[in-house]
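Colleague: Hey, I'm new to this one. Can you pull it up and walk me through a few spots?

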Amino acid sequence: MHDTTALLVELGSVILGLGIIGRFAGRIGLSPIPLYLLAGLAFGEGGLLPLGASEEFTAVGAEIGVILLLLLLGLEYSASELVTSLKTQYPSGAVDFVLNATPGAVAALLLGWGPVGAVALAGVTWISSSGVIAKVLADLGRLGNRETPVILGVLVIEDLSMAVYLPLLTAMLAGVGLAGGSLALLVALGTVGLVLYLALRHGRLISRAVSSDNPEMLLLVVLGLTVLVAGVAQQLQVSAAVGAFLVGIALSGEVAEGARKLLTPLRDLFAAVFFVFFGLSTNPAEIPPVLLPAALLAVVTVFTKIGTGWYAARRAGIGSRGRWRAGGTLVARGEFSIVIAGLAVATEPRIGPIATAYVLILVIVGPLTARWTQPVVEMIQKRRGTAAPAPAAAVPVAPAAPVADTAETAETAEAVKPGTEAAVPAPAATTDQEQELAGSKDGS
């Protein structure tokens, strides 16, 4: 009885604390992810007040958090949207992978972690935080900007790539060897292809089979189906997260919308528990020794992400100002970096502290680069132009070109809200926002 009482007290305190932290983060305009991680560090092993009674429950809650994160992500995209993004954005996705996965892989090898650690840290530095970025776009009033569909396209490619990357990483962590890893990859590719085919051809039938006018029944069926598929996927070494993602893709229309509304509060709760659990599993004393390599890695990948966004926006015919805005917006890392590190920490414990420090840095820096990259670049270019006058304008402006035909609107941008925050609808345009949009429409 005493153990149950301690569990309830600890669990209630943790959830209440998360609510207070979330409200504080909202007040100061910061993502709650770094505060959740810090809370986990404070109450984990080596922290101020270690938690013991609720540790097992928190571990299970963290697993559910990952599953719900990926399920809600899948519900945001239809199969046709994913296929379209693959066709139009794959060059940008390839550049994104090369520029941002390479620093993590090289850093892991220099630290002596071996191939498995290199693949894991490459994923940590590769994937941007869709949740943080979606919120930043809404907060800055950029949902209608010309570069926003480009940003969303890069995020979609990254999210879909997780369906291939996570099974491969899981197989490597399990030590199944080249043959087993190749088999897991083939199974993952086949499963993704099959789900996309079924969703494209028979999505209405699948959604109709799951649909229910009773919210309670819809919640139970979707959640039960997701957890079941996630468990089967885990058994097949495909990753529970990927299984949940594929369930989300298979559902569409009113069913997806209804499930999203019902599951979003659960997602937010268990995702917060997941971030806290990751902090609990990291000893705070292990972070100071890795702060320097984490900071160096953060600096390098800030510039590589900016380069990714600049290239992707240039392909879409966006002008100079929009290119720099796209690059700065993509900098933030968050939920997926922690998911990847959480999978790898059992095999490579050293990845936990450096991933925590790295995400803490970039989840704070990301919103700042989104806001200030374009103005800072323009200021530097202006100073250089003043010091050495050029015959042309100091800031090169690409000729206006139509963006690739797209149906993405502010509503599309709002749909990209995986992670722990939901993107809120764009507020009514203010004078500053109108100037921002005016600048984007004239080719920037």
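**A short tour**

Modeller: Sure, let's start with a salt bridge: E147 pairs with R325, and their closest N and O atoms are 2.9 Å apart. Keep in mind that this is a predicted model.

Colleague: Where in the chain do E147 and R325 sit?

Modeller: In distant parts of it, 178 residues apart. E147 is in the loop between α6 (130-139) and α7, while R325 belongs to helix α13 (residues 320-329).

Colleague: And how many salt bridges turn up in the whole structure?

Modeller: The search finds 7.

Colleague: OK, switching to helices. At what angle do α7 and α10 pack?

Modeller: About 145 degrees, and their axes are 9 Å apart. The crossing of α7 past α10 is left-handed.

Colleague: Which residues meet there, α7 against α10?

Modeller: From α7 you've got D159, L160, M162, A163, L166 and P167, and they meet A241, V242 and F245 of α10. By class, that contact has 8 nonpolar residues, 1 charged and no polar.

Colleague: Now pockets. What's the volume of the second largest pocket?

Modeller: About 450 Å³. It's lined by 20 residues, with E63, F274, V339, G342 and L343 nearest the centre.

Colleague: Which helix gives the largest share of that lining?

Modeller: α3, with 5 residues. Helices that each supply at least two lining residues include α7 (148-173) and α10 (240-250), the pair we just talked about, as well as α14 (335-344).

Colleague: How does the lining of the second largest pocket split by class?

Modeller: It has 14 nonpolar, 5 polar and 1 charged residues.

Notes. Residues are numbered from 1 along each chain as its sequence is written. This is a predicted model: local features need pLDDT of at least 70, side-chain atom pairs count only at pLDDT 80 or more; totals for chains, interfaces and linings use all residues. Side-chain values use heavy atoms; hydrogens and water are left out. On a 1 Å grid over the protein atoms alone, a cavity is a set of points where a 1.4 Å probe fits but cannot get out, and a pocket is an open set with protein on both sides within 12 Å along at least five of seven lines; lining residues have an atom within 4 Å of a point. Grid points are joined across faces, edges and corners, and a volume is the space filled by probe spheres set on the points. Helices (H or I, at least four residues) and strands (E, at least two) are DSSP runs, numbered from the N terminus. Ala, Val, Leu, Ile, Met, Phe, Trp, Tyr, Cys and Pro count as nonpolar, Asp, Glu, Lys and Arg as charged, and the others, Gly among them, as polar. Axes are lines fitted to C-alpha atoms, for helices over the stretch in contact, and angles run from 0 to 180 degrees between N-to-C directions. A crossing is left-handed if the near helix is turned anticlockwise from the far one by less than a right angle, and right-handed if clockwise. Contact means heavy atoms within 4.5 Å. A salt bridge is a side-chain nitrogen of Lys or Arg within 4 Å of a carboxyl oxygen of Asp or Glu.
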